Amino acid sequence: NAEVAMKRYLIFGAIGPFVGGFLMLFATTVASGYWNDTSWSEIGKFLGAFFKTLQYSYLFGIVPALMVGAIDDILYHFKRISPVVRMLILGAIGFAAASLLYGSRGPDSGVMQFVLYGVVGLVPAMLSSWLTHKYADTPQAAHST
């Protein structure tokens, strides 16, 4: 159904870059030591930077988000794959892609940086897949085997 596919891509395109951009900024600031001694004004600066860079999050994040949405669409057509397993597969793909792309960048490369940048891909992929299941998927007929 084309309407279901369009809803899926709309959810992935809207949610993925927003959440991914926030988590990318958070991972970058954690890796730089920004949160070591933080006050409320520092949190305000962080949120200000997030909203100032939001356009770039969408510019650079829309294509990867739609690619993950396409994988979700493909997996949706395999009836034996449950929505939870689909979310886990997408989370693993998102984690691997983001951690391999960003995890070894910069002066600090280690497990913490690998995990931080992996979460940048994991969370938006799983959240978008869950929202797609909740709001865009058509109910499947029960199969008796």
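User: Which residues in H2 do Phe18, Gly21, Phe22, Leu25, Phe26 and Thr29 in H1 meet?
Analyst: This is a predicted model, in which local features need pLDDT of at least 70, side-chain atom pairs count only at pLDDT 80 or more, and totals for chains, interfaces and linings use all residues. Residues are numbered from 1 along each chain as its sequence is written, and side-chain values use heavy atoms, with hydrogens and water left out. Contact means heavy atoms within 4.5 Å. On the H2 side, the residues met are Phe46, Leu47, Ala49 and Phe50.

User: How many nonpolar, polar and charged residues has the contact of H1 with H2?
Analyst: Ala, Val, Leu, Ile, Met, Phe, Trp, Tyr, Cys and Pro count as nonpolar, Asp, Glu, Lys and Arg as charged, and the others, Gly among them, as polar. By class, the contact has eight nonpolar, two polar and no charged residues.

User: Is Met126 buried, partly exposed or exposed?
Analyst: Met126 lies in helix H5, residues 111-135. Buried means under 20% relative accessible area, exposed over 50%, and partly exposed in between, with a 1.4 Å probe and protein chains only. The relative accessibility of Met126 is 25%, so Met126 counts as partly exposed.

User: Which residues does Met126 touch, not counting residues up to four places away in sequence?
Analyst: Ile43 is 83 residues from Met126 in sequence and 26 Å away in space, C-alpha to C-alpha. The residues that Met126 touches are Met87, Leu88 and Gly91.

User: Which residues is Val19 in contact with, leaving aside neighbours within four places in sequence?
Analyst: Val19 belongs to the largest nonpolar core, which has six residues in all. Beyond its sequence neighbours, Val19 is in contact with Val123, Pro124 and Leu127.

How values were computed: Helices (H or I, at least four residues) and strands (E, at least two) are DSSP runs, numbered from the N terminus. A nonpolar core is a set of buried Ala, Val, Leu, Ile, Met, Phe, Trp, Tyr and Cys residues joined through side-chain atoms within 4.5 Å.
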